[in-house]
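Work through the exercises below with the structure open beside you. Try each task before reading its solution.

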Protein chains: 2
Amino acid sequence: MEISERKKRILAAVVDEYIATAEPVGSKLIAQKSGLSVSSATIRNELAELTSMGYLEQPHTSAGRVPTAQGYRMYVNELMDRHRLSIEETEEINRSMQLKIQQLDKMMSDVGRIAAEMTDYPALALAARQSATIKRFDLIYVDSNTFIIVALLSTNAVKNRLMHLPFSVDAMMVQKLSTVFNASFCGITEDQITPILISSTERSTGDTMGLVAAIAGFAIEVLSEEKSSQAVIAGKAKLLRLPEYQDPVKAHSLMNYLSDSEHLAKLQGMDFGNDVKVIIGPENVAEELRDSSVVLAKYDAGDGTQGLIGVVGPTRMDYSKVAAKLSYIAEGLSKALTGSKPMPGFGALMIPDNTMDKSKG
Amino acid sequence: MEISERKKRILAAVVDEYIATAEPVGSKLIAQKSGLSVSSATIRNELAELTSMGYLEQPHTSAGRVPTAQGYRMYVNELMDRHRLSIEETEEINRSMQLKIQQLDKMMSDVGRIAAEMTDYPALALAARQSATIKRFDLIYVDSNTFIIVALLSTNAVKNRLMHLPFSVDAMMVQKLSTVFNASFCGITEDQITPILISSTERSTGDTMGLVAAIAGFAIEVLSEEKSSQAVIAGKAKLLRLPEYQDPVKAHSLMNYLSDSEHLAKLQGMDFGNDVKVIIGPENVAEELRDSSVVLAKYDAGDGTQGLIGVVGPTRMDYSKVAAKLSYIAEGLSKALTGSKPMPGFGALMIPDNTMDKSKG
DNA sequence: ATTAGCACTCAGAGGCAGTGAGTGCCAGCA
DNA sequence: TGCTGGCACTCACTGCCTCTGAGTGCTAAT
């Protein structure tokens, strides 16, 4: 059945109102607020039809209407007017991003925190999951039983480790290890670091003290870390502010779910049409998310790979505003990470703040 | 007024029971469980006195007794039998520590997570706040417009940053910068990095591209970071499991408070008698913590400075068990960070797992 | 097609009695 | 003198009832 223009306006009004108040919406209110000059009785008829079409539902007979998942879906796809970020909003975002995105390693958690702060919902950040390799290895000799390992990964993240040894090594040995590791451990993935490779490296360096094994262990660790645990969530406590999570059991279940980065990681690898994806309540695969919605935006992480940022909230979420903000943050992030060199670390200090400003006046 | 031996046993029984059930405790139950062979009427008399002495209170006339803060204080100071960790418990802790404490930078958050997991309460970790200095600087030349800065701090943390430049530099220049920075930026604190120092460094390197400023900016950043934001909290969601935080308003207020690391940092700098400190409900300075308790254990972070780990929970907390676990974790942490070289990163790979085992069979 | 009017529904609030866990106190007993 | 059994009392909690009011669906009139 086709949905009339008037029905659309009414549905949109119901959703808007419900988003704002979290209370079932009655016909009288709609009659006032929708801008349609018809009586509440007319609205009632329309509401009844929208209900039978599955866009709305009633908590009980004598209550107002509440949007169903299908109703939200329609709203998101067709009805909502896209929120235009105000200058203040963009500036606020720019300011936080400027400050925060300096260090590639911490980027994830910072971006998460920014998104949470900007949207006032818990926010997540997922890094593009990819099999990283080590681009180059450096060992820095500190003193006779200390050196630092520095590894530059293919993802451009830099990892380090201070190694304190129970015995002495000389600078020569460190130098030698560095050369050998650069030759044999660069460009390979985690699972290519085999015991065979390690023992052959031990032989070629003449190491009998387990140094090679320790460094290889570090390599394995950073590579697997890069591949997996790249999901963070920030601002979980913000859920408790919302009426839909006043039930501690519900809140706990969702928070628990969100606390586990393995769960979050599953959001990666969704198929993605345009830049922002909205997953409404029951559309979620995970049981725990069934009465919450997720809004995701993808960002370009360079090398053609992409990551995600997103927020989690009640199905009654201000989709329009959240989507706009996320998409803006994602855009800024993409720019920072790819195209526009200089890299953020440098750019933030060198270049005033035009990295992202031009996208919106 | 002196408190009799029997009163002590009764008080201890009340606290134990209340810790376990979160329900007001009645005289009958105590008569059964305390092991004293007296009737409930006798217990009632004793309870009445304990109440008038301020150790217990009644939520209402016809309810059982609940310990007051003073009651808990007495319990913690004198009555509770110190929990002895079982072999399984120590082993579980050892195992997680072994796995996690490898990288000094991430140590804080890992330790927090371990403590939260082990105690089942939200846990915090505070680093010893100290003015760090840079021990040594290394610039690693990657390609003509990329290099990595590596700084080893006085705290033994290693920080890095990938610098991507909008222009070319040659390896020689990088080398030169490295030398100059090592000479003039090592051993100084954040506030000693002045514009004057920067411009004089610029002159001595002949840098006109802002490279020196960028590197100095990195130095300032890591030093201030090391000094300040060294507080993490993990497992906040665990609060929601507890009956005392079923009220979403209360839970939200506490979680919010805990989310701000500035608040947590205030716990640092408490005076500390023995190794574990218990702060019960109203003894807390912060309003938000007034009906929660905090258990803190200090660890030795080397250089004579010390950090804290702790958990936050309801006043009805299993102090004994929590204290025992925290203290064990703190002890292991101290060992890992100081005395017993090798450092964890290496030790974890080289030395089976005797770093901490001997403290308890 | 729209609307005014009306009967109907039902969650939620407020009031009220019954229940039971727990208390305080007293009188009797060791 | 201290302990105990007994008893009256208190009061949160529960279930039950009624009342209220927001909101509905339907119908007849416009």
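**Exercise 1: two salt bridges**

A:Glu89 has a relative accessible area of 14% and is buried. The model is a predicted one.

Task: Find the salt-bridge partner of A:Glu89, and state whether A:Lys325 is buried or exposed.

Solution.
Step 1. The side chain of A:Glu89 meets that of A:Lys325 in a salt bridge, with 3.7 Å from N to O.
Step 2. This pair ties together parts that are 236 residues apart in sequence, because A:Glu89 lies in helix H5 (residues 87-100) of chain A and A:Lys325 in helix H12 of chain A.
Step 3. A:Lys325 has a relative accessible area of 10%. The cut-off for buried is under 20%, so A:Lys325 is buried.

Task: Which parts of chain B are tied together by B:Glu46 and B:Lys7?

Solution.
Step 1. B:Glu46 and B:Lys7 form a salt bridge through their side chains (3.1 Å, N to O).
Step 2. B:Glu46 lies in helix H3 of chain B and B:Lys7 in helix H1 (residues 5-21) of chain B, so the bridge ties together parts 39 residues apart in sequence.
Step 3. B:Glu46 counts as buried at 6% relative accessibility, and B:Lys7 counts as buried at 5%.

**Exercise 2: a salt bridge with another setting**

Task: Classify B:Arg290 and B:Glu287 as buried, partly exposed or exposed.

Solution.
Step 1. In the salt bridge between B:Arg290 and B:Glu287, the closest N and O atoms are 3.4 Å apart.
Step 2. B:Arg290 has a relative accessible area of 33% and is partly exposed.
Step 3. B:Glu287 has a relative accessible area of 56%; exposed means over 50%, so B:Glu287 is exposed.

**Exercise 3: the surface near DNA strand D**

Task: Which polar side-chain contacts reach a phosphate oxygen of DNA strand D, and which reaches a base nitrogen?

Solution.
Step 1. 21 residues surround DNA strand D, and B:Thr42 is among the closest.
Step 2. A polar side-chain atom of B:Thr42 lies 2.5 Å from a phosphate oxygen of the strand. For B:Thr61, the distance from a polar side-chain atom to a phosphate oxygen is 2.8 Å.
Step 3. A polar side-chain atom of A:Arg44 lies 3.2 Å from a base nitrogen of DNA strand D.
Step 4. Of the strand D atoms within 4 Å of the protein, 77% belong to sugar or phosphate and the rest to bases.

Task: Which element gives the most residues to this surface?

Solution.
H3(B) gives the most, with four residues. By class, the surface has four nonpolar, 13 polar and four charged residues.

Methods: Residues numbered from 1 in each chain as written. Chains lettered and ligands numbered in written order. Predicted model: local features only at pLDDT ≥ 70, side-chain atom pairs only at ≥ 80, totals over all residues. Heavy atoms only, no water. Near = heavy atom within 4 Å. Polar contact = N/O pair within 3.5 Å; in protein donor to acceptor, adjacent residues only side chain to side chain. Helix = DSSP H or I, 4+ residues; strand = E, 2+ residues; numbered from the N terminus. Nonpolar A, V, L, I, M, F, W, Y, C, P; charged D, E, K, R; others polar. Salt bridge = Lys/Arg side-chain N within 4 Å of Asp/Glu carboxyl O. Buried < 20%, exposed > 50% of the residue type's maximum accessible area, 1.4 Å probe, protein only.
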